[in-house]
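Morning, everyone. I have one model to walk through today. Please look at the sequence and the structure together.

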Amino acid sequence: MLPAPGRRVVVRYLLPSGQATDALGVLLSCDVDSIVVDGKRGIVRIPRSAIVAAKEVPPPPEPRDRRGRLYP
């Protein structure tokens, strides 16, 4: 079961080659045939038949500088 659109998700799915890969980002939409995730690599449309697993994940951590301090 997928969370509502607008939530951050990770989706493991199979490529046409059979290799598994992940999409991490915001769930933009989902319908009977596919879901759409907006991640670092851009917008990905994933056929539901290719999905192996999916779940909601927490927001990314706050950016830090190299000394470990949070950016203001």
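Let me start with a question: how many residues lie between β1 and β2 in their hairpin, and which residue in the turn has a positive phi? There are 5 residues between the two strands, and G18 is the one with positive phi, about 95°. Strands here are DSSP runs of E, at least two residues long, numbered from the N terminus.

Some ground rules. This is a predicted model: local features need pLDDT of at least 70, side-chain atom pairs count only at pLDDT 80 or more, and totals for chains, interfaces and linings use all residues. Residues are numbered from 1 along each chain as its sequence is written, and side-chain values use heavy atoms, with hydrogens and water left out.

Back to G18. It sits in the loop between β1 and β2. Its relative accessibility is 47%, so G18 counts as partly exposed. On the cut-offs: buried is under 20% relative accessible area, exposed is over 50%, and partly exposed is in between, using a 1.4 Å probe and protein chains only.

Now the sheet. It is open, with 5 strands in the order β4-β3-β2-β1-β5, and the pairing is antiparallel. Why do β4 and β5 each have one side without a neighbour in the sheet? Because β4 (42-47) and β5 (51-56) stand at the edges, each with a single partner strand. From one strand to the next, the twist averages 40°. For that angle, axes are lines fitted to C-alpha atoms, for helices over the stretch in contact, and angles run from 0 to 180 degrees between N-to-C directions.

Next, the pairings. Two strands pair if DSSP finds at least two bridges between them. As a reminder, strands of a sheet pair through backbone hydrogen bonds, either parallel or antiparallel.

Take β1 with β2. They run antiparallel, joined by 7 bridges. V11 has A23 as its bridge partner in β2. On its other side, β1, residues 8-14, pairs with β5 over 5 bridges, again antiparallel. There, V10 partners K55, and R12 stands opposite A53.

Now β2 with β3. Strand β3 covers residues 34-39, and 5 bridges join it to β2 in the antiparallel sense. V26 has D38 as its bridge partner in β3. The hairpin between these two strands has 3 residues in the middle.

Then β3 with β4. That is an antiparallel pair with 6 bridges. A hairpin of 2 residues joins them. D38 stands opposite I43 in β4.

On to the side chains. In a regular strand, side chains alternate between the two faces of the sheet. Which residues of β1 point to the buried face? V9, V11 and Y13 do, and they are buried; R8, V10, R12 and L14 point to the other face and are not.

T21 is worth a stop. It lies in β2, residues 20-30. At 17% relative accessibility, T21 counts as buried. Leaving aside neighbours within four places in sequence, T21 is in contact, meaning heavy atoms within 4.5 Å, with V11, R12, Y13, L15 and R41.

There is also a nonpolar surface patch. V26, L28 and I43 make it up, with about 260 Å² of accessible area together. Patch residues have over 30% relative accessible area and no salt bridge; like charges are joined within 9 Å, and nonpolar side chains (Val, Leu, Ile, Met, Phe, Trp, Tyr) within 5 Å. The areas come from the Shrake-Rupley method with a 1.4 Å probe, and for residues only the protein chains shown count as cover. V26 is in β2. At 34% relative accessibility, it counts as partly exposed.

Last topic: charges. How many salt bridges does a search of the whole structure find? It finds 2. The criterion is a side-chain nitrogen of Lys or Arg within 4 Å of a carboxyl oxygen of Asp or Glu.

One is R12 with D22, at 2.7 Å, N to O. R12 lies in β1 and D22 in β2, so the pair ties together parts 10 residues apart in sequence. R12 is partly exposed at 40%, and D22 is partly exposed at 30%.

E56 and R7 also form a salt bridge, with the closest N and O atoms 3.5 Å apart. This pair links distant parts of the chain: E56 is in β5, R7 is in the segment before β1, and they are 49 residues apart. E56 is partly exposed at 41%, and so is R7 at 44%.

Terms used. Helices (H or I, at least four residues) and strands (E, at least two) are DSSP runs, numbered from the N terminus.
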